[in-house]
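Please open the model in your viewer and keep the sequence panel beside it. The tour below moves from one selection to the next and says what is to be found at each stop.

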Amino acid sequence: MVNIDDFVKRLEVILDYYGLNASAFADKIGVQRSSMSHLLSGRNKPSLDFVLKILDVFPDVDLYWILNGKGSFPKKEDEIKENRTDASSEIEKANPPIPLAGNFDTADLFSGFNPDEEVGEEKRNLFETKNSNVSPMEGEIEKIVFFYKNGTFKVYIP
């Protein structure tokens, strides 16, 4: 269990190290200033999201150090590089790219498509529906997923 008083002390060490006040630190990691204030006063406990934002913006902060005081701050440069390499290789091992079934030519997906070609009425309506822009009256976009050739993806939620 994380001791909130010790966590706040370590957070203050980070603030002093970077020469930031609580407001500037909150802005830098992307949290509300009030949540930072509540955390420093002991009113609230740090959330996982809060800790992860710190680690994302300040890579020389060690997870175990900020949570329970074990480890060092700031991390040594070789530890930072080692952790980044380990994390990326673990992700690759856990989520290897999935090969596509079938024989797909990725160079040009629409090479066999001719829009001037005679198409039955039912197929034409289906084609026009798929290609038409979705208006706000028809539905709301829930999320957009971008798939990359290296097997990774990003989700955008408007």
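How are helix 2 and helix 3 oriented to each other: parallel, antiparallel, perpendicular or oblique? Before selecting anything, bear in mind that this is a predicted model.

Select residues 22–29, which make up helix 2, together with residues 33–41, which make up helix 3, and look at their axes, which come within 8 Å and cross at roughly 125 degrees. Angles of 65 to 115 degrees count as roughly perpendicular and those over 145 as roughly antiparallel, and helix 2 and helix 3 are therefore oblique to each other. If you turn the view to look through one helix onto the other, the crossing in which helix 2 passes helix 3 is right-handed.

Now show the side chains where these two helices meet: on helix 2 select A22, S23, F25, A26 and D27, and on helix 3 select R33, M36 and L40, with which they are in contact. Coloured by class, the contact of helix 2 with helix 3 shows 5 nonpolar, 1 polar and 2 charged residues.

Keep F25 selected, since the next stop concerns aromatic rings, of which the model has 6 pairs. Add F58, whose ring forms a stacked pair with that of F25, at 5.4 Å centre to centre and with 5 degrees between the planes. This pair links distant parts of the chain, for F25 belongs to helix 2 whereas F58 lies in the loop between helix 4 (48–57) and helix 5 (63–68), 33 residues apart. With a surface switched on, you can check that both F25 and F58 are buried.

For a contrasting view, go to F147 and F153, where the ring centres are 6.1 Å apart and the planes stand at 40 degrees, so the pair is tilted. Both F147 and F153 are exposed.

Return to F25 and widen the selection to Y17, Y18, F58, W65 and F73: ring pairs link these residues, together with F25, into a cluster.

Finally, zoom out to the whole protein chain and switch to a cartoon, in which 7 helices and 2 strands can be followed. Traced along the sequence, these elements give the pattern α-α-α-α-α-α-α-β-β. Colouring by accessibility will show that, of the 158 residues of the protein chain, 16% count as buried. A contact map makes a fitting last stop: among contacts in the protein chain with a separation of 6 or more, 42% are between residues 24 or more positions apart.

Methods:
Residues numbered from 1 in each chain as written. Predicted model: local features only at pLDDT ≥ 70, side-chain atom pairs only at ≥ 80, totals over all residues. Heavy atoms only, no water. Axes fitted to C-alpha atoms, helices over the stretch in contact; angles between N-to-C directions. Helix = DSSP H or I, 4+ residues; strand = E, 2+ residues; numbered from the N terminus. Parallel < 35°, antiparallel > 145°, perpendicular 65-115°, else oblique. Left-handed = near helix turned anticlockwise from the far one by under 90°. Contact = heavy atoms within 4.5 Å. Nonpolar A, V, L, I, M, F, W, Y, C, P; charged D, E, K, R; others polar. Phe/Tyr/Trp six-rings, centres within 6.5 Å; stacked < 30°, edge-to-face > 60°. Buried < 20%, exposed > 50% of the residue type's maximum accessible area, 1.4 Å probe, protein only.
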